[in-house]
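Hello,

Here is the structure I promised to pass on to you. Please open it beside this email, and read on below it for what turned up.

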Amino acid sequence: MILPFIIIIPLLAAFLITLISGEKDNWAIVLSILAVLSLLILALFSFFTTGDETFIYEMSGWKIPLTICLVQDALSSFMLVIVNLIALTSLMFSISYIRQYSSPWMYYALFMLLITGMNGVIATGDIFNLFVFMEIALFAAYALVAFGSKAEEYEAAFKYAVMGSISSTLILLGVGILYASTSTLTMANIAAELQTVNSQVTYWVAAIFLAGFGLKSAIMPFHAWLPDAHSSAPAPISSMLSGVLIKALGVYAIIRIFYNIFGAPAVFLTLFMVLGSISIIVASYLALGQWDLKRLLAYSSISQIGFILLGLGIGTKLAILGAVFHILNHAIFKSLLFYNAGAVELALGTRDLRKMGNLKGAMPVTTGTSMIATLSVAGLPPFNGFFSKLIIIIAAVQANHIVYAIIAVIGSLLTLAYFIKAQRYGFHGETEITEFRQTISLGMKSAMIILAVLCIVTSLLIIPGIRELTLDPVVTVIMNKTGYIQAVLGR
Amino acid sequence: MTVYVLCFILLLVGLYGALTKRDLIKIILSLSIMGYAVNLMIILFAYRTDGSFAILVKEGSNPNMVDPLPQALILTSIVIELGITAMLVALAIRLFQQYKTFDITKIRRLSG
C-alpha cells in the first residue's frame, strides 16, 4: 500500500530538515531531493499499475464511514505524477537559485510542506481532510511567496493570504452544509446520500464551492491575487504555484467535487464554459500589455486554466480528454517558462522585457528551451500544447458549441501574439547583453532541458495505443459519475 | 432557523469588512470574524435541544445527544485559523516596517 507514504515522506522530510540543517543547506538539499525522487517513483509506479482499478486505504483500522480514507484511482495517480515531476525539476532549479537568499534550509522545509499539502489534497477521500491539506499547502505557499523579503513580496503574500483565507472560509462553510445535510464526510458517501437529498442543497453548496475553489484556481472573476503572487515568488516557487498548485487545489478539487460528488449538474457545466471563455480572452488581452516577463506568464496561466475549464464544461468524452491532457501540458511548459524567466532574472537582474536583449549567444540553453516552451504554449504542431488545444476545439465543434470553439481559437492566437512579444523583446532583442551577474548552474540547465524534452515527448501520449494506457483511464474516472461511489464503497 | 440567519449575517459582516476596510489590522480582524461565523454555524448544526454530551451517554441507551464530530472539526479549523492569523499579522508587521503605514491604499508598488 503506497498511499500513506505519499503523505508521510514529504511531511517527515520537512521536519527532519528543520532538525538537522544548520547554517549550510547541503543536508536539506540531499534530504529533499531524496524525498521527492522517491515520491516520483511511487507516483509513477502507482500510475502505471492502477489502470481502471481503485485502491482504498482506511486509516487506523476503522471502516469507511468512520475513518479518513485515502483513494487511489487513475485521476489521483495522474495528478500525483504531475505534482512530483514538477517538484523534482523545481528542486533541481532551486539548489543554486535559492542561495541568493538568507537561510535557504527554511525554503526546503516549506517546500516539503507544500508538497505534503498537494499530495494530501490529491490522495484524500474525505472532504474535511481535503480542507486541512489544502490549508497546509496554502500556508507553505504564503510563506514561500514572501521568502524574498522585499516589500513587493510581502505585499503580494498579504494579498494572497487574504484572498486565500476568504476562499478557505467559504469552502469550510460548504463542507459544514454538506455535513449537515448528509451526516457524513467521506466523499463517496456524500455523493451517495446527495441523490436522496433535496437538489437545492446541491446547487447552494456547489455555488459556494465554485466561489471557493474558483478563487484557488484563479478563474477570471476571482483572479486578482494570481499575477501578484506568482510573479513575486522566487522562480522555482512561481513554477510550482502556476504549474501545479492551482491545478491540485483548484482544478483537481473542482473535478472531484463537481463530477464525482455532485454528478456534473448541467447548470454548472454551462457556468464552467462561460467562466472559462471569459478567462481565456480577458487574461490573454491583459497579458498582451505586460512588460514584466513573470507577470505576463502569470496572466497566461489564468488564460490556460480557462482552456482546461472550457474542456471540463463541454463535458463530452473528447473534451475531458483534452482538459486532462492540457493539465499535464500546462504544468510542463508553464514551469519551464518560469524557469527561463528565473534564469534570465538571475543573470541580468531584471524581469523587464524592455531591458533584456539578445541572449542567443550568451544563454543558449535558456533561449532554446524558452523557444520550445513558447511554441508549445502557443500550440504549434509537434509540441504537446497543440494537441490538447486542438482536442478541446474539436470537442467544442462536435458538441455544437461553435461560439466557444471560436473563442478558443482566438485565445490561442492571442497566446501566440503575447509569447511572440516575449520572445522578440526578451530573448531575441537588438541590444547585445555582455554583462552578467551570475552564470546559470548545471542544475538549472538540466531542469530546463528535462522539461523541454518532456514538451515533445508528452505529445506521444495522444497516440491511440499509449493513450488507452495513460489518459483514457483518467477520463473514465471523471466521466463515470456513479463509478466513484461504487469503487470506494464497494456497492 | 433564526440562528443560522444570524450566523450568515455575521459571515457577511466579516466579508464586508475584509473587502472594504483599508487598514491591514482591520482586514485581519474581519477575516477572523468570517472564520468565527462559519465555526459557530457548524457547531449549531450539531446542536440538539436538551441533548447530552456524547462522552456522558451510557452504552446501550439511545438518548438525545449532541453530535460530537463537528466539535472535532471546529477544533481543527480553529487551529488552522490561528496559524493563518499569525502569518497575516507577521506579514502586516513586515509591511509596516517597509512602508511605515497600515493603509492599503498607500501600499501599492505592484500594479496591473
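Let me start with A:Val457, which sits in helix H17 of chain A, a helix made of residues 442-457. Please keep in mind throughout that this is a predicted model. A:Val457 has a relative accessible area of 39%, and because that value falls between the 20% and 50% cut-offs, the residue counts as partly exposed. If you would like a sense of distance inside chain A, try A:Val457 and A:Ala161: they are 296 residues apart in sequence, and their C-alpha atoms lie 37 Å apart in space.

A:Leu170 makes a good next stop. This residue belongs to helix H6 of chain A, which covers residues 151-182. Is A:Leu170 buried or exposed? With a relative accessible area of 18%, A:Leu170 is buried, since the limit for that label is under 20%. Which residues does A:Leu170 touch, leaving aside those up to four places away in sequence? The answer is A:Ile208, A:Ala211 and A:Gly212. For A:Gly212, the separation along the chain is 42 residues, while the C-alpha atoms of A:Leu170 and A:Gly212 are separated by 5.5 Å.

Two residues in chain A have a backbone angle you may want to look at. A:Ala218 shows a positive phi of about 55°, although it is not a glycine. You will find A:Ala218 in the loop that links helix H8 (199-217) to helix H9 (225-232) of chain A. Its relative accessible area is 0%, so A:Ala218 is buried. A:Asn400 is not a glycine either, and has a positive phi of about 65°. A:Asn400 lies in the loop between helix H15 (384-398) and helix H16 (402-427) of chain A. Here the surroundings are another matter: A:Asn400 counts as exposed, at 64% relative accessibility.

Now for chain A as a whole. Chain A contains 19 helices and two strands. The C-alpha trace spans about 70 × 55 × 45 Å along the principal axes of chain A. How does the radius of gyration of chain A sit with that of a compact globule? A compact globule with 491 residues would have a value near 23 Å, and the 21 Å of chain A agrees with that. Of the 491 residues in chain A, 67% are buried. Among the contacts in chain A with a separation of 6 or more, 81% are between residues 24 or more positions apart. Chain A exposes about 16,200 Å², and 68% of that comes from carbon and sulfur atoms. As for charge, chain A has 24 positive and 21 negative charges, whose mean positions are 5 Å apart.

Chain B is built from three helices, with zero strands, so to speak of its order is simple under the rule that elements are numbered from the N terminus: the run is α-α-α. Chain B has a radius of gyration of 19 Å, whereas a compact globule of 112 residues would have one near 13 Å. Along the principal axes of chain B, the C-alpha trace spans about 65 × 25 × 20 Å. Buried residues account for 34% of the 112 residues in chain B. Of the contacts in chain B with a separation of 6 or more, 52% come from residues 24 or more positions apart. The area that chain B exposes is about 7,100 Å², with carbon and sulfur atoms supplying 66%. The 10 positive and 6 negative charges of chain B have mean positions 19 Å apart.

At the start of chain B, B:Met1 lies in the segment before helix H1 (2-20). B:Met1 is exposed, with a relative accessible area of 73%. From B:Met1 to B:Ile107 there are 106 residues in sequence and 42 Å in space, C-alpha to C-alpha.

Finally, here is how the two chains meet. How many residues does each chain bring to the contact? Chain A brings 34 residues and chain B brings 38 residues. About 3,100 Å² is buried between chain A and chain B, and carbon and sulfur atoms give 79% of that area. Within what chain A buries against chain B, A:Tyr154, A:Glu155 and A:Phe158 supply 22%, more than any other three residues.

Enjoy looking around, and do write back with any questions.

Best wishes

Conventions
Residues are numbered from 1 along each chain as its sequence is written. Chains are lettered from A and ligands numbered from 1 in the order in which they are written. This is a predicted model: local features need pLDDT of at least 70, side-chain atom pairs count only at pLDDT 80 or more; totals for chains, interfaces and linings use all residues. Side-chain values use heavy atoms; hydrogens and water are left out. Helices (H or I, at least four residues) and strands (E, at least two) are DSSP runs, numbered from the N terminus. The radius of gyration is taken over C-alpha atoms; the globule rule is 2.2 Å times the number of residues to the power 0.38. Buried means under 20% relative accessible area, exposed over 50%, partly exposed in between (1.4 Å probe, protein chains only). Contact means heavy atoms within 4.5 Å. Accessible areas come from the Shrake-Rupley method with a 1.4 Å probe; for residues, only the protein chains shown count as cover. Lys and Arg count as positive and Asp and Glu as negative; His and the chain ends are not counted. The place of a charge is taken as NZ of Lys, CZ of Arg, CG of Asp or CD of Glu. Buried area is the accessible area (1.4 Å probe) that two parts lose on being put together, summed over both.
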